Amino acid sequence: MRRWKPISRLRSKMLEIDLVEEEGMTLVELLASLTLLSVVILLVGSIHIFGQKQYVKQASEASQANELSAGLSSMSRELRGLSADKVAIEEGAIYVDGTILFELVGNQIISKGTAIIAENIERFGCEKSEDGSSIELTLMGENLEEYVTMIYFRGE
């Protein structure tokens, strides 16, 4: 218990602390402090785990988006220089003069039978326009987000 005594009559506002010796904490005080500490640690741990899960999810989605965008860009570059009459589409594959240029094999888009353009693809769709002047390419990644591009032929 603390007792306060004035130092002097002239300075009654200033107080002196007289400490009585204390023996320590009671068991109840110790248990209460441990309980509060446990709750704080549990909250901090939960927030950290939630943050880690969000980071991994967003990093995966960003990586997938980058890969699909790069794949569509690569496919666009190759197809734009071709003439429309040389390009055919059959069963989810793009053919040039009867040779497969792009196809979905498993979950990968393969170029010319060897080079991997994009991975972790759920669906690869391609559709030629009625007048044959363009192709619409659709890639759907593991996160089920679709990426679509329209390619207009520039070749002779």
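Me: Why does Leu-34 count as partly exposed?
Reply: The relative accessibility of Leu-34 is 44%. Buried means under 20% relative accessible area and exposed means over 50%, with partly exposed in between (1.4 Å probe, protein chains only), so Leu-34 at 44% counts as partly exposed. Leu-34 sits in helix H1, residues 27-80.

Me: What do these values rest on?
Reply: This is a predicted model, in which local features need pLDDT of at least 70 and side-chain atom pairs count only at pLDDT 80 or more, while totals for chains, interfaces and linings use all residues. Residues are numbered from 1 along each chain as its sequence is written, and side-chain values use heavy atoms, with hydrogens and water left out.

Me: What makes the nonpolar surface patch, and which residues belong to it?
Reply: Met-25, Leu-27, Leu-30, Leu-31, Leu-34, Leu-37 and Ile-41 make a patch of about 710 Å². Patch residues need over 30% relative accessible area and no salt bridge; nonpolar side chains (Val, Leu, Ile, Met, Phe, Trp, Tyr) are joined within 5 Å, like charges within 9 Å. A salt bridge would be a side-chain nitrogen of Lys or Arg within 4 Å of a carboxyl oxygen of Asp or Glu. Leu-34, at 44%, is over the 30% limit.

Me: How many helices and strands does the chain have, and in what order do they run?
Reply: One helix and 10 strands are assigned. Helices (H or I, at least four residues) and strands (E, at least two) are DSSP runs, numbered from the N terminus. The order is β-β-α-β-β-β-β-β-β-β-β.

Me: How do you know that S4 and S5 pair?
Reply: Strands S4 (residues 93-96) and S5 (residues 99-105) are joined by four bridges and run antiparallel. Pairing requires that DSSP finds at least two bridges between two strands, so S4 and S5, with four, qualify. One of the bridges links Tyr-95 to its partner Ile-100 in S5.

Me: Which other strands join this sheet?
Reply: The open sheet has five strands in the order S3-S4-S5-S6-S7, with antiparallel pairing. S3 (87-90) and S7 (115-118) are the edge strands, each pairing on one side only. From one strand to the next, the twist averages 25 degrees. S5 and S6 (residues 108-111) share four bridges, with Ile-109 as the partner of Leu-104. S6 and S7 share three bridges, and Ile-116 is the partner of Ile-110.

Me: What does H1 touch on the sheet, and at what angle does it lie to S5?
Reply: H1 packs on the sheet and touches S4, S5, S6 and S7 (contact: heavy atoms within 4.5 Å). Its direction makes about 165 degrees with that of S5. Axes are lines fitted to C-alpha atoms, for helices over the stretch in contact, and angles run from 0 to 180 degrees between N-to-C directions.

Me: Why is Asp-97 called exposed, and what is its phi?
Reply: Asp-97 has 55% relative accessibility, and therefore counts as exposed. Although Asp-97 is not a glycine, its phi is positive, about 55 degrees. Asp-97 lies in the loop between S4 and S5, a hairpin with two residues between the strands.

Me: Where does Leu-144 lie, and why is it called exposed?
Reply: Leu-144 lies in the loop between strands S9 (134-141) and S10 (146-152). Its relative accessibility is 58%, so Leu-144 counts as exposed. Leu-144 is not a glycine, yet has a positive phi of about 65 degrees.

Key. Accessible areas come from the Shrake-Rupley method with a 1.4 Å probe; for residues, only the protein chains shown count as cover.
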